[in-house]
Amino acid sequence: MYITAAVLSVLLALVSLAAGVPKAMLKGDVSAGLQSHMGLSAGLVRFVGLAEIAAVVGLVVGLFWQPLGIAAAVGFGITMIGAVAFHAKAGDYADPATRGNAMAPIILALVSAATAVTLGLAM
């Protein structure tokens, strides 16, 4: 079970790092899209990016101390649930042009839940 938990943690950490760094630095299309399309402030976009980077640290350290990894996976999952809510509010699930990108937080929330469960079972 630990190998599964480690693989999920590393994959989730890599995705979280790739998503968090551009938001924290307010660089790239995603950051600009969150501000223009979703109406988020630059400060909130940066906060979300920093939360995603914090999840990376928690997931990596959580490989050695599982309670932190569980907390990081749950926290990242909650962040993704918030992203789902923002996408729903913006109408992204009804629009075929934006539906694909809006599905990522749903998938990542499910992977976060699986990571937390497998880390808990690996203890």
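**Exercise 1.** Does Ile-106 count as buried, partly exposed or exposed, and what is its relative accessibility?

*Solution.* The model is predicted, so that local features need pLDDT of at least 70 and side-chain atom pairs count only at pLDDT 80 or more, while totals for chains, interfaces and linings use all residues. Residues are numbered from 1 along each chain as its sequence is written, and side-chain values use heavy atoms, with hydrogens and water left out.

Step one is to recall the classes: buried means under 20% relative accessible area, exposed means over 50%, and partly exposed lies in between, with a 1.4 Å probe and protein chains only. Step two is to place the residue: because its relative accessibility is 29%, Ile-106 counts as partly exposed.

**Exercise 2.** Find the helix that holds Ile-106, and name the residues that Ile-106 touches, not counting those up to four places away in sequence.

*Solution.* Ile-106 belongs to helix H6, which covers residues 104-121; helices are DSSP runs of H or I with at least four residues, strands are runs of E with at least two, and both are numbered from the N terminus. With contact taken as heavy atoms within 4.5 Å, Ile-106 touches Val-84 and Tyr-93 once residues up to four places away in sequence are set aside. Separately, the C-alpha atoms of Ile-106 and Met-80 are 6.9 Å apart, although 26 residues separate the two along the chain.

**Exercise 3.** Describe the secondary structure and burial of the whole chain.

*Solution.* The chain has six helices and zero strands, and 33% of its 123 residues count as buried.
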